[in-house]
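User: I should like to go through the charged side-chain pairs of a protein model, and then one further position. Please reason each answer through before giving the value or name.

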Amino acid sequence: MKKHALSLLAASLLLPACATPAYVSPVDVTRFVGDAPAFLGQGTIQIVPAAGLDADSIAFDLYREAVRLELEELGYRVVAVNGSQTAQLAIDQYVLDERNRRGPVNVGVGGSTGTYGSGVGLGIGLNLGGQPSERIAREIAVSIRAADGDENLWEGRASMTATANSDYAADAAAAPRLADALFSDFPGTSGETISVE
């Protein structure tokens with residue numbers, strides 16, 4: 001019995017060494033400002049989904065709400081229809097493999113999630129194979145234009161990566177972080193890429 005208890009104690013001491021620490025990257029942000037920046041940050045604006053996104057999905061609602069809060073803070077009045085400007089919102093999510101390459105399975109907004117190279121259900125955060133914890137990459141992109149125009153007044157994208165055991169692996173935490181970074185120091189320097197912690 002004593003030998004068994006020592007074995008359990010040794011095993012429990014090894015478990016924390018196997019757990020991969022949670023990781024969240026800084027948010028990389030790139031923005032481009034059009035020829036009419038004076039029109040930005042004022043008037044009414046409608047948030048619309050990019051082609052292929054389900055505007056009624058719960059995941060899209062999280063990102064739309066995060067973008068809405070930022071736009072209102074900038075001085076816009078967000079409306080459901082007929083805004084003087086539109087903000088087109090695109091979302092991309094995918095799993096990275098151990099070499100930082102995009103895995104073959106996308107994490108679809110409003111769809112089912114998948115894993116790349118996952119094995120038997122060993123539990124989140126356990127690193128039994130010596131490989132880093134699965135990493136989920138997310139990117140949002142917003143293009144602002146006049147409702148009756150075809151050229152962007154402003155466009156930007158923000159991306160980050162988080163391990164599956166991080167709080168930021170969930171859309172509810174990732175959406176406000178990405179939107180906050182995207183609109184920080186709005187409109188930003190055209191063509192510049194910055195990192196936001």
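User: Which residue forms a salt bridge with Arg68, and how far apart are the closest N and O atoms?

Analyst: In this predicted model, Arg68 and Glu65 lie three residues apart in helix H2, so about one helical turn separates them. Side chains of opposite charge can pair when their charged atoms come close. The partner of Arg68 is Glu65, and the closest N and O atoms are 2.4 Å apart.

User: Is Arg68 buried, partly exposed or exposed?

Analyst: Buried requires a relative accessible area under 20%, and exposed requires one over 50%. Arg68 has a relative accessible area of 22%. Because this value falls in between, Arg68 is partly exposed.

User: How does Glu65 count at its relative accessibility?

Analyst: The relative accessibility of Glu65 is 35%. Since the class in between runs from the 20% cut-off to the 50% cut-off, Glu65 counts as partly exposed.

User: Which residue meets Arg64 in a salt bridge, and at what N to O distance?

Analyst: Helix H2 covers residues 58-74, and within it Arg64 and Asp61 are three residues apart, which means a separation of about one helical turn. Arg64 counts as partly exposed at 25% relative accessibility, and Asp61 counts as partly exposed at 34%. The side chain of Arg64 meets that of Asp61, with an N to O distance of 2.2 Å.

User: Which parts does the pair of Arg138 and Asp171 tie together?

Analyst: The side chains of Arg138 and Asp171 meet in a salt bridge, 2.9 Å from N to O. Both Arg138 and Asp171 are buried. Because Arg138 belongs to one element and Asp171 to another, the pair ties together parts 33 residues apart in sequence: strand E6 (residues 135-146) and helix H3 (residues 171-182).

User: Which residues are joined into one network by salt bridges that share partners?

Analyst: The structure holds four salt bridges, including the one between Arg68 and Glu65. Salt bridges with shared partners make one network, and its members are Glu65, Arg68 and Glu72.

User: Turning to Ser25, which residues does it touch, not counting those up to four places away in sequence?

Analyst: Ser25 sits in the loop between helix H1 (2-18) and strand E1 (27-33). Its relative accessible area is 10%, so Ser25 is buried. Leaving aside residues up to four places away in sequence, Ser25 touches Met160, Thr161 and Arg177.

Notes:
Residues numbered from 1 in each chain as written. Predicted model: local features only at pLDDT ≥ 70, side-chain atom pairs only at ≥ 80, totals over all residues. Heavy atoms only, no water. Helix = DSSP H or I, 4+ residues; strand = E, 2+ residues; numbered from the N terminus. Buried < 20%, exposed > 50% of the residue type's maximum accessible area, 1.4 Å probe, protein only. Contact = heavy atoms within 4.5 Å.
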